Amino acid sequence: MSSFIPLSVPDLSGNEAASVAACVRDTWVSSAGPAVTAFESRVAALCGRSHGVATSSGTTALHLALIVAGVGPGDHVIIPDWTFAATANAVIHAGAIPYFVDITSESWTIDAGSVEQALAQFRGGRIAAIVTVHALGHPAHMERLTAVGTRFGVPVIEDAAGAIGARYHNHPVGGIGDAAIFSFNGNKVLTAGGGGMMVTDNEAWAARARSLSTQARDGVRYRYREAGFNCRMPNINAALGLSQFDHLDDMLKAKRRIADTYDDALRDRADLQSMPRCPWAQSNNWLYSVLCASRDDADGLVNCLQGDGIEARVFWETLSDQTPYSAFPRSLTGVAAAISGRVVSLPSSSSLGEADQSRVLAALAQWRGNPVMRFQ
Ligand SMILES: Cc1ncc(COP(=O)(O)O)c(C=O)c1O
């Protein structure tokens with residue numbers, strides 16, 4: 001019987017086990033230890049930033065980024081409707097209100113034109129930040145977004161949770177907006193077991209975020225600058241993340257090879273449309289995904305692959321129509337709604353071997369859906 005092919009598992013084939021064992025041996029398993037600052041420097045350098053602040057998750061990194069960017073209670077924050085819940089939740093945790101805008105059909109990332117329109121026309125309060133998401137590891141159109149942000153004096157924060165290593169016009173993502181965040185959860189290209197990071201060139205923002213992540217405690221005394229959080233990354237996670245850097249380039253190359261192989265195999269299919277590849281984007285191919293003609297087809301494809309021992313998953317659904325977010329303001333063109341529930345992610349682990357990918361391709365070849373209806 002053939003083995004199960006997972007959607008996305010971490011590649012821990014380098015020095016990870018030894019690095020974690022060294023933390024245990026040296027008792028550097030918790031909030032103190034040398035790996036956290038080293039990991040911050042590595043990630044910041046990767047995207048050309050001066051500062052990195054390592055946190056317990058991508059969600060907490062985004063929460064801190066919003067606070068230090070000046071987002072406060074009652075403010076609005078523009079986010080794309082097609083994203084993971086964490087993007088909206090971090091806004092809500094900061095006391096602010098998500099303002100949903102749509103994505104473009106070419107990139108599946110936030111529509112800078114809609115952002116501009118929202119900033120020009122919204123009369124319901126202050127819009128304090130724009131969060132752009134590099135969906136599936138494919139960069140958003142940052143040039144247009146940062147121009148809009150600058151014009152309206154609103155900071156742009158990159159939610160690059162799953163996009164480490166991706167490039168926009170050859171600039172690393174995370175190094176373009178006023179600040180950016182990454183996630184190092186186990187399903188990301190580079191994992192720390194769990195964790196996140198805010199990166200920025202703004203020294204004051206970085207200092208405040210670092211302080212907020214450790215209860216805003218002033219030195220070793222029990223004195224506090226403000227009401228903070230406890231969301232600093234533990235050393236043991238940072239050590240794991242650091243050791244992943246030794247083979248990050250190889251993992252990115254493997255992801256590209258896997259994505260190219262899927263692209264080639266699916267090129268002539270009328271029933272599956274491959275994920276976007278815009279001219280400005282060098283995706284990190286975090287999760288290779290395809291658009292099906294309908295939600296039923298997407299469910300059918302997932303079930304069919306499951307029957308062959310292959311894990312696939314229906315990707316993000318729009319947030320604005322889901323109960324926790326349904327009351328928030330929005331300005332939507334219908335693109336996100338049109339793809340919601342129709343995108344299926346295929347096995348994309350960087351350790352996915354050629355034989356296993358051939359099995360996925362054979363299962364895909366057996367399955368037929370309806371021809372993909374283009375975007376409304
Ligand atoms: C777009 C986006 N933002 C934020 C997050 C949150 O990251 P974490 O799971 O590390 O909190 C994720 C996680 O996948 C994500 O996809």
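Student: What makes helix H5 and helix H6 roughly parallel to each other?

Tutor: Start with the angle. In this predicted model, H5 (residues 112-121) and H6 (residues 142-152) pack at about 10°, and their axes are 9 Å apart. Angles under 35 degrees count as roughly parallel, so H5 and H6 earn that description.

Student: Why do you give me both an angle and a distance?

Tutor: Because two packed helices are described by the angle between their axes and the distance between the axes.

Student: Okay, which residues make the contact between H5 and H6?

Tutor: On the H5 side you'll find Ala112, Val115, Glu116 and Leu119, and H6 brings Arg144, Leu145, Val148 and Phe152. Sorted by class, the contact has six nonpolar residues, two charged ones and no polar ones. Glu and Arg count as charged, so Glu116 and Arg144 are the charged pair of names in that list.

Student: On to the sheets. What makes E1 and E14 edge strands?

Tutor: Look at the order first: the eight strands of this open, mixed sheet run E1-E9-E8-E5-E4-E2-E3-E14. Strand E1 (51-55) and strand E14 (330-331) each have a single partner strand, so one side of each has no neighbour in the sheet.

Student: How do you know that E3 and E14 really pair?

Tutor: Count the bridges. Pairing takes at least two bridges, and two bridges join E3 (residues 97-101) to E14, so they count as paired, in the parallel sense. For one bridge in detail, Val101 has Ser331 of E14 as its partner.

Helix H4 (residues 85-93) packs on this sheet too, touching E2 (76-80), E3, E4 (127-133) and E5 (156-159). The direction of H4 makes about 175° with that of E2. Over 145 degrees counts as roughly antiparallel, so that label fits H4 and E2.

Student: What about the sheet of four strands: which strands are at its edges?

Tutor: That open sheet has the order E10-E12-E15-E13, with antiparallel pairing. Its edge strands are E10 (273-274) and E13 (313-314), each pairing on one side only. E13 and E15 (residues 343-345) share two bridges, and Val314 stands opposite Val344 in E15.

Student: Last one: which residues are closest to the ligand?

Tutor: Ser57, Gly58, Thr59, Ala161 and Ser183 are the closest of the 14 residues that surround the ligand. Helices H3 (58-68) and H4 each give two or more residues to that shell.

Student: And how does the shell divide by class?

Tutor: Nine of its residues are polar, four nonpolar and one charged. Gly counts as polar, so Gly58 goes with the polar ones.

Technical notes: Residues are numbered from 1 along each chain as its sequence is written. This is a predicted model: local features need pLDDT of at least 70, side-chain atom pairs count only at pLDDT 80 or more; totals for chains, interfaces and linings use all residues. Two residues are in contact if their C-beta atoms, placed from the backbone, lie within 7 Å. Axes are lines fitted to C-alpha atoms, for helices over the stretch in contact, and angles run from 0 to 180 degrees between N-to-C directions. Angles under 35 degrees count as roughly parallel, over 145 as roughly antiparallel, 65 to 115 as roughly perpendicular and the rest as oblique. A residue is near a molecule or strand if its C-beta atom, placed from the backbone, lies within 6 Å of it.
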